[in-house]
Amino acid sequence: KRTVEHNYTNFLPSLNLRVKVGSELQFRFAASKGMTRPDFYMMQQYTTLEQKVNTHLDPATNQAVLDSVDYKGSANGNPMLKPTTSNNLDLTAEWYGSHGSSATLSVFNKRLRDIIINRTSFYTLADSAGTAHDFLTTGPVNGAEGRARGAELGFQHYFDKLPGLLSGIGVSGNYTYIDSKLDMHAPTGLWCTPKGTLQANTLRDLAGAERVRLRIVTGVGLGH
């Protein structure tokens, strides 16, 4: 029986500011620290080890001949995992016109620490004779740091002066640019996000007290 204890303390401050410049323009600034805990299944202490004997059949003697012995396994959880933390900065400019028209521009920067990845390592275990064997296992660890920064542009506009049934038709769209990077503490796979994401919509503002939007959404992902 093995008992594992892991304690940690995180201070998560946040600051949110808004500055209005006239009746149509305002700016927002946000600075915060965030935290994401590992899922419970990632923290279970459960390791599976396997000893695989590789042989071939000798045609002369019709006997099995030992080629090698593989020691491998999987660490399905790691009770020593720490939460992934991030330092976040966001700056947004918002313009609100008449009849529901608006435009926004935001820039952001996020720094992440203790990102959880899978890493292969050795797990040493002795057999009944006391001989130690190194099992090659793969499991989750806090093995990377990263960043994600970029900008987002969005707009919305209604054409209220169109005649007849065309009145109230509008358009909206947004474009997001992300530049991300992951620094590994040990060689492993790569992580990235698309450089750009584009979304366009068509809107319909029906007459009445309540607005109803009929949307046709088209998403275009721009490769990294």
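The following legends describe an overview and several close-up views of a predicted model of one protein.

**Figure 1. Overview of the predicted model, a protein with 10 strands and zero helices.** Read from the N terminus, the elements run β-β-β-β-β-β-β-β-β-β. The protein holds 224 residues, of which buried residues make up 24%, and the accessible surface comes to about 15,400 Å², with 56% of that area belonging to carbon and sulfur atoms. When contacts are counted between residues at least 6 apart in sequence, 60% of them join residues at least 24 apart. The count of salt bridges in the model comes to five, and some of these are shown in the later views.

**Figure 2. Close-up of Q26 in strand 2 and its polar contact with E94.** Strand 2 spans residues 25-36 and includes Q26. The relative accessible area of Q26 is 7%, and because buried means under 20%, this residue is classed as buried. The side chain of Q26 is joined to the side chain of E94 by a polar contact of 2.5 Å. Once neighbours within four places in sequence are set aside, the contacts of Q26 comprise R18, V19, K20 and V21, together with T92, A93, E94 and Y96. E94 therefore appears both as a partner in the side-chain polar contact and in the list of residues that touch Q26 within 4.5 Å.

**Figure 3. Close-up of Y123 in strand 6 and the residues in contact with it.** Y123 belongs to strand 6, which covers residues 102-126. With a relative accessibility of 35%, Y123 lies between the limits of 20% and 50% and so counts as partly exposed. Apart from neighbours within four places in sequence, Y123 is in contact with L49 and also with H133, D134, F135 and T137. For one of these partners, H133, the separation from Y123 is 10 residues in sequence and 8.2 Å in space, taken from C-alpha to C-alpha.

**Figure 4. Close-up of the salt-bridge network formed by R147, R149 and D179.** The side chains of D179 and R147 form a salt bridge with an N to O distance of 3.5 Å. This pair links distant parts of the chain, since D179 is found in strand 8 (residues 169-184) and R147 in strand 7 (residues 132-159), with their positions 32 residues apart in sequence. Both D179 and R147 are buried. D179 also forms a salt bridge with R149, and here the closest N and O atoms are 3.6 Å apart. That second pair likewise links distant parts of the chain, with R149 in strand 7 and D179 in strand 8, 30 residues apart. The relative accessible area of D179 is 17%, which is under the 20% limit, and D179 is therefore classed as buried, whereas R149, with a relative accessible area of 36%, is partly exposed. D179 thus takes part in the salt bridge with R147 and in the salt bridge with R149, and the three residues are linked in a network.

**Figure 5. Close-up of the salt bridge between D183 and K181.** The closest N and O atoms of D183 and K181 are 3.9 Å apart, and because the cut-off for a salt bridge is 4 Å, the pair is counted as one. D183 has a relative accessibility of 39% and counts as partly exposed, and K181, with a relative accessible area of 43%, is also partly exposed.

Definitions and conventions
Residues are numbered from 1 along each chain as its sequence is written. This is a predicted model: local features need pLDDT of at least 70, side-chain atom pairs count only at pLDDT 80 or more; totals for chains, interfaces and linings use all residues. Side-chain values use heavy atoms; hydrogens and water are left out. Helices (H or I, at least four residues) and strands (E, at least two) are DSSP runs, numbered from the N terminus. Buried means under 20% relative accessible area, exposed over 50%, partly exposed in between (1.4 Å probe, protein chains only). A polar contact is a pair of N or O atoms within 3.5 Å; within protein, one must be able to donate a hydrogen and the other to accept it, and residues adjacent in sequence count only if both atoms are side-chain atoms. Accessible areas come from the Shrake-Rupley method with a 1.4 Å probe; for residues, only the protein chains shown count as cover.
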